[in-house]
Amino acid sequence: RITCDTLMFGDTHTPLTRKGASDVENKTHFSYGSMEYTRMDMEEKAGLISAQPGAIRHTGGTDDSLLNQLPVELQGYLKKPNPKDNVHITDDVSIFDNLFCCLCPCYAYAKMVLIKQGEIGLTWHGDEPRLIGPGRHYLWSPTHDLFSVKNISDPVIIHGPLKIIRVRIGQLGLAMDTERGMPVLYTAGKHVVNSPTIVFKRMLDLTVRENTLGVMKLIRVETGYVGYAYKKGELVILEPGIHLIVPPDRFGSILSTQQQTLSLPEGIHESSDYVALRIRADVFYRIVDPKRALTNIKNIEVQIRETAVSTVAGIIRSSTLNEIANSSRVTYKKTADGDEKGDGSDPSAPAFFEHVHDQFMESLHDHMLEDWGIELSNIRIESLKIDDERLAQDISKQAVQVSQQEAKYRMLQKQAELVQVEADNLKTQRLKEMEATNLIIRSKADAEAAARLKEMEATNTIIRMKAQAEASALFAKAEAEAKSLVEKAKAEKEAKELRGLGEVISHTHTHTHTH
């Protein structure tokens, strides 16, 4: 029981005021700023306020991310929490109650009701539904009786026309308005409804594919799937998202656009040479054009299964056992210009399987894609065997003999290959030895030639040096002789000059004496 006028929210103190304290009906209604609270809100957070088993919570709340994903047609049926929707909870014991307990203890004990913390009591006072909070209560009126006790955390509390609905984020509360015959969808938050014409149905889980809203349907389509419906008699493909289907429109179903596997029933089919073959296979396909598929096929899986079985039977009937067994791999492939092409590689699976696979793909791939909008990806042969056990045993024996002969042939072939390899190895070894010998001879010859070349170069050097020395000696001798000649000529010239001078002097003396 709250006895204080101020409550603490975090680090602030905000006054919590009563609206019309003298009014008994409204004395359990409180305001906190611009938000409205009721005694029911307090009781949802038991233990947060030491003076009161309940606490205060805002009644409003919306999940905008969810509402934005809902179809526009559904917005008119949504009802958001209204902070002004209050519920009256009686929990006060008056002085009159205490006095009457003292005067009539037996009657008081018989009419006493104890509601535990975390619970709420549902009572009827005549034809009026009432709620009582945690604590001890005295139902003095003979027509005032306890109906039931509910846990305060229950998502839905229904008491006659009074309903308290708590919708979690990601959910919608579904109710029907019987007066209008229309659904009502409650968004995330707490809703207080006091109407006998509102009948609550259930909580809607929007993660499931289909939710029924009375006669309407809420369809969820995820990536990798498409839905289809008929609106005004026309087929409409529902892309990934949330869709509302309202009569007279009709919802069909949801189809996967991913690759799917369809197992074919095991069947026995005769080949052209009347050999019964037992075959079991799986077909892989993907719906690429849902509208074309739904327009041209009534039941997609049944149509694919029946067509695949008949095609496999036709392939078996048109081939002999020998043809199927000896067929080589031809992988079905379409080139850019539309021509079919195959590679001639060896089969990586048994020849039986490859033959059926290739013929099957060639027969159905283009037909299913162009006419049905379904792409045939592959056919996987689980098993293909002869149904007649005796014939299978005979063929098995023959196959064993053939295998033995093939093994012997391969052995001989391997031996021949081994001999050839050994001969090649010997030849290679001989060639290597000859190359090594030639290399040694060539190296020796090169070394001798190099040595002779060095000797010749040394001899040439000696001769060249000797010639240079002789030339130098001759040059020195010639230079000396030339020098000697020059000196001799100079001496002779000086001698001549001296003789001439002597003659001149002698002539001068003679001339002097003459005079």
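How many cavities of 30 Å³ or more does the structure hold? In this predicted model, there are two of them, and the elements that line these cavities give a convenient route through the part of the chain described here.

## The two cavities

| Cavity | Volume | Lining residues |
|---|---|---|
| Largest | about 60 Å³ | Leu264, Pro265, Glu266, Gly267, His269, Ile279, Ala281, Val309 and Val312 |
| Second largest | about 30 Å³ | Leu206, Val208, Asn211, Leu218, Ile219, Arg220 and Ile242 |

By class, six nonpolar, two polar and one charged residues make up the lining of the largest cavity, while the lining of the second largest cavity has five nonpolar, one polar and one charged residues. Strands β26 (267-270) and β27 (276-287), together with α6, each supply at least two residues to the lining of the largest cavity. In the second largest cavity, the greatest contribution to the lining comes from β20, with three residues.

## Strands around the second largest cavity

Strand β20 (residues 216-221) runs antiparallel to strand β19 (residues 210-213), and four bridges join the two. They form a hairpin with two residues between the strands, and Gly214, in the turn, has a positive phi of about 70°. Strand β20 also pairs with strand β23 (residues 241-245), again in the antiparallel sense, over five bridges. Ile219 of β20 is a point where both pairings can be followed: Glu210 stands opposite Ile219, and Ile219 in turn stands opposite His243 in β23. Ile219 is also one of the residues that line the second largest cavity.

Glu222 lies in the loop between β20 and β21. With a relative accessible area of 40%, Glu222 is partly exposed, and its C-alpha atom is separated by 8.7 Å from that of Ile242, although the two residues are 20 residues apart along the chain. Ile242 is itself among the residues lining the second largest cavity.

## Backbone features in the loops

Most residues other than glycine have a negative phi, and most peptide bonds are trans. Two sites in the loops of this region depart from these habits. Lys232, which is not a glycine, has a positive phi of about 55°; its place is in the loop between β21 (225-231) and β22 (234-238). Is Lys232 buried or exposed? Its relative accessibility is 82%, and because the cut-off for an exposed residue is over 50%, Lys232 counts as exposed. The other site is the peptide bond between Pro247 and Pro248, which is cis, with an omega of about 10°. Pro248 is found in the loop that connects β23 with β24 (250-256).

## Strand β25 and its partner

In a regular strand the side chains alternate between the two faces of the sheet. Strand β25 (residues 260-263) has a covered face made up of Gln260 and Leu262, whereas Thr261 and Ser263 belong to its uncovered face. Four bridges join β25 to β27, and these two strands run antiparallel; within this pairing, Ser263 stands opposite Asp282 in β27. Strand β27 is thus met in two settings, as the partner of β25 and as one of the elements that supply at least two residues to the lining of the largest cavity.

## Helices α5 and α6

Asn296 is found in helix α5 (residues 290-296) and is partly exposed, with a relative accessible area of 46%. A polar atom of the Asn296 side chain lies 2.7 Å from the backbone oxygen of Asp371. The C-alpha atoms of Asn296 and Gly373 are separated by 9.1 Å, and these two residues are 77 residues apart along the chain.

Helix α6 (residues 300-317) has 18 residues and reaches 26 Å from its first C-alpha to its last, close to the 26 Å expected at 1.5 Å a residue. At the start of α6, a side-chain oxygen of Asn299 reaches to within 3.4 Å of the backbone nitrogen of Glu301. An α-helix has 3.6 residues a turn, so residues three or four places apart point the same way. The buried residues of α6 are Ile300, Ile304, Thr307, Ala308, Thr311, Val312, Ala313, Ile315 and Ile316. Val312 is therefore a residue under 20% relative accessible area, and Val312 also appears, along with Val309, in the lining of the largest cavity.

Terms used: Residues numbered from 1 in each chain as written. Predicted model: local features only at pLDDT ≥ 70, side-chain atom pairs only at ≥ 80, totals over all residues. Heavy atoms only, no water. Pairing = 2+ DSSP bridges. Expected span 1.5 Å × (residues − 1). Buried < 20%, exposed > 50% of the residue type's maximum accessible area, 1.4 Å probe, protein only. Polar contact = N/O pair within 3.5 Å; in protein donor to acceptor, adjacent residues only side chain to side chain. 1 Å grid on protein atoms, 1.4 Å probe; cavity = no way out; pocket = protein on both sides within 12 Å on 5 of 7 lines; lining within 4 Å. Points joined across faces, edges and corners; volume = space filled by probe spheres on them. Nonpolar A, V, L, I, M, F, W, Y, C, P; charged D, E, K, R; others polar.
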